[in-house]
Amino acid sequence: MVNLYANIGTSPLDYLEAGNGEAIAVSMEPGHGTVKRGTVLYRKTGVLYAPAASANVVTDNSLVVLREDIDTDASATTAAAASAYIKGDLLANQVVLSDGTNLTAAQAHVLRKQGLILKPFDDLTTEADIADNSVTVSVTVSNDGHGTGSAS
């Protein structure tokens, strides 16, 4: 007999997206070193994106949030391709500016107007806090291929 176990609805603490995420590919401007996932990016003149400082988080700029760590090697002659959220619900404590600081309420409002909603989960400190609505599923499969299951 084989036992299969799963937790449905749990979110590891390093998750960035809280739901409804939509992403695009962006071209990163070379020379910023390794840019961490969750960093707000802004589109510069042309098509290249760069990490956003506080002054760049304004309504007139096209803003996205990086989905993955990306190395923007200073010696590169071409832009690095990266994936970034253009809309969705993101965990507020995981979204940062280029210097690693969290966004202010005014900056979060600018992102909200562009479709990036910051969810206030920054006071959650353990995986159990985030997964309080999870469901545990247990499935037992016998050698004849028949299974039984339960959920709690």
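In this predicted model, Val40 makes plenty of company: leaving out residues up to four places away in sequence, Val40 touches Ala50, Pro51, Ala52, Val57, Leu63, Val64, Val65, Val95, Val96, Leu103 and Leu111. Val40 also belongs to the largest nonpolar core, a set of 19 residues. Along with Val40, the members that touch the most others in that core are Val65, Leu90, Val95, Leu111 and Leu118. Two or more residues apiece come from strand 4, strand 6 (63-66), strand 8, helix 1 (105-113) and strand 9 (116-119). Helix 1 gives the largest share, with three residues. There is also a second core, separate from this one, with 11 residues, among them Val26, Met28, Val35 and Val64.

Now for the overall layout. The protein chain holds two helices and 11 strands. Read from the N terminus, the order is β-β-β-β-β-β-β-β-α-β-α-β-β. Of the contacts between residues at least 6 apart in sequence, 65% link residues that are at least 24 apart. Buried residues account for 32% of the 152 in the chain. As for the outside, the accessible surface adds up to about 8,700 Å², and carbon and sulfur atoms hold 50% of that.

Turning to a single position, Ser83 sits in strand 8, which covers residues 80-91. Is Ser83 buried or exposed? Its relative accessible area is 18%, and the cut-off for buried is under 20%, so Ser83 counts as buried. Setting aside neighbours within four places in sequence, the contacts of Ser83 are Ala23, Ile24, Leu66, Arg67 and Glu68.

How far can the model be trusted along the chain? Mean pLDDT for the protein chain is 79, with 70% of the residues at 70 or more. Among the elements, strand 4 (residues 40-43) comes out with the highest mean pLDDT, 98, while helix 2 (residues 127-130) has the lowest, 47. Across residues 128-137 the pLDDT stays below 50. That stretch still has 25 contacts in the model beyond near neighbours in sequence. Where pLDDT is low, though, the predicted coordinates should not be read in detail.

Terms used: Residues are numbered from 1 along each chain as its sequence is written. This is a predicted model: local features need pLDDT of at least 70, side-chain atom pairs count only at pLDDT 80 or more; totals for chains, interfaces and linings use all residues. Side-chain values use heavy atoms; hydrogens and water are left out. pLDDT is the predictor's confidence in each residue, from 0 to 100. Helices (H or I, at least four residues) and strands (E, at least two) are DSSP runs, numbered from the N terminus. Contact means heavy atoms within 4.5 Å. Buried means under 20% relative accessible area, exposed over 50%, partly exposed in between (1.4 Å probe, protein chains only). Accessible areas come from the Shrake-Rupley method with a 1.4 Å probe; for residues, only the protein chains shown count as cover. A nonpolar core is a set of buried Ala, Val, Leu, Ile, Met, Phe, Trp, Tyr and Cys residues joined through side-chain atoms within 4.5 Å.
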